[in-house]
Amino acid sequence: AIKQEIEETAKGNKRKRKQLRKSAGKYFDEIAADYNMTYIQAFLMALNWFWKKIFEGVDVDMQGLARIREWARKGPVIYVPSHKSHIDYLILNHVLLDNHLHVPRIAAGANLLFWPMGHIFRQCGAFFIRRSLKGAQLYTEVLVRYIKALLAEGHPIQFFIEGGRSRNGKLMLPKTGFLSILLQAYQEGFCKDLIFVPASITYDRIMEEKTYLKELGGDHKEKESLRQVLRARRFLKMRYGRIYIRF
């Protein structure tokens, strides 16, 4: 599909064809995860310390996890969690790994590609998607083919169907673009089944609550950056109660 898109766009122009092939390679490098178990284990140790420092415990639906383990034998598992905090993907993947389930490839926004977190997240299984695909036909073809390859190889995938984080605690209307890519892959035979696992992740208190209040009051959303990560040290002085995960 990617080669066909390149040929149709190049219209026989060899120079343009070469440029488009180079662009496709760059898009793949921009999107693809680079899963590394060493990073996963190191991150797990850091998160173990982090949870004990600021949370009072994690309440997990163990019966639900047991059902996921059974269903995972039948096809790629698609985790569809609620999204209220940056903690969501960290705690969910921590719980899965801690209970001997495969860490999913996570669909992350390109806003998280800042150094060094972008590199760390990529090594921990995140792949990155631009917020808008409008007019980016070749980029879209590379993205779709990458997701189909993940499913063909049986990788579990995690994506937030709400798109961004909810600022008011309520579920937002679903964005169906990523879902349509998964269904297209199934219809085209890249996998025999898709096992969807909706997950609820809720908190006694959300770490970003003050930021959300400012945004709801009219402030602009601050772009994710290393500066934000460094400023997050102040959270270590506070306690945020328990986290609750249900499947």
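Student: Which residues are exposed on the other side of α2, away from the buried ones?

Tutor: In this predicted model, Lys14, Arg15, Lys18, Lys22, Lys26 and Asp29 are exposed there. The word exposed requires over 50% relative accessible area.

Student: Which residues of α2 are called buried, and what makes them so?

Tutor: They are Leu20, Ala24 and Ile31. Buried means under 20% relative accessible area, so each of these three falls below that cut-off.

Student: How do you know that they lie on the same side of α2?

Tutor: Leu20, Ala24 and Ile31 cover an arc of only 45° around the axis, which puts them on the same side of α2. As a general point, an α-helix has 3.6 residues a turn, so residues three or four places apart point the same way.

Student: What do the buried residues of α2 pack against?

Tutor: They pack against α1 (2–10), α6 (117–123), β4 (126–129) and α7 (137–152). Contact here means heavy atoms within 4.5 Å.

Student: How does the reach of α2 compare with the expected span?

Tutor: Helix α2 runs over residues 14–31, which is 18 residues. From first C-alpha to last it reaches 26 Å, and the expected value at 1.5 Å a residue is 26 Å, so the two are close.

Student: What is found at the start of α2, and why is it called a polar contact?

Tutor: A side-chain oxygen of Asn13 comes to within 3.0 Å of the backbone nitrogen of Arg15. The cut-off for a pair of N or O atoms is 3.5 Å, so this pair satisfies it.

Student: Which residues of α4 are buried, and what puts them on the same side?

Tutor: In helix α4 (residues 62–71), the buried residues are Gly64, Leu65 and Ile68. They share a side of α4 because their arc around the axis is only 100°. On the other side, Gln63 and Arg67 are exposed. The buried residues of α4 pack against β1 (57–60), β2 (77–81), α5 (87–98) and β6 (195–203).

Student: Why is the whole protein called as compact as a globular protein of its length?

Tutor: The protein has 10 helices and 7 strands. Its radius of gyration is 19 Å, and the globule rule gives 18 Å for 247 residues; the values are close, so the description applies.

Student: What share of the residues is buried?

Tutor: Buried residues make up 45% of the 247. Of the contacts with a separation of 6 or more, 76% join residues 24 or more positions apart.

Terms used. Residues numbered from 1 in each chain as written. Predicted model: local features only at pLDDT ≥ 70, side-chain atom pairs only at ≥ 80, totals over all residues. Heavy atoms only, no water. Helix = DSSP H or I, 4+ residues; strand = E, 2+ residues; numbered from the N terminus. Buried < 20%, exposed > 50% of the residue type's maximum accessible area, 1.4 Å probe, protein only. Arc of directions from axis to C-beta. Polar contact = N/O pair within 3.5 Å; in protein donor to acceptor, adjacent residues only side chain to side chain. Rg over C-alpha atoms; globule rule 2.2 N^0.38 Å.
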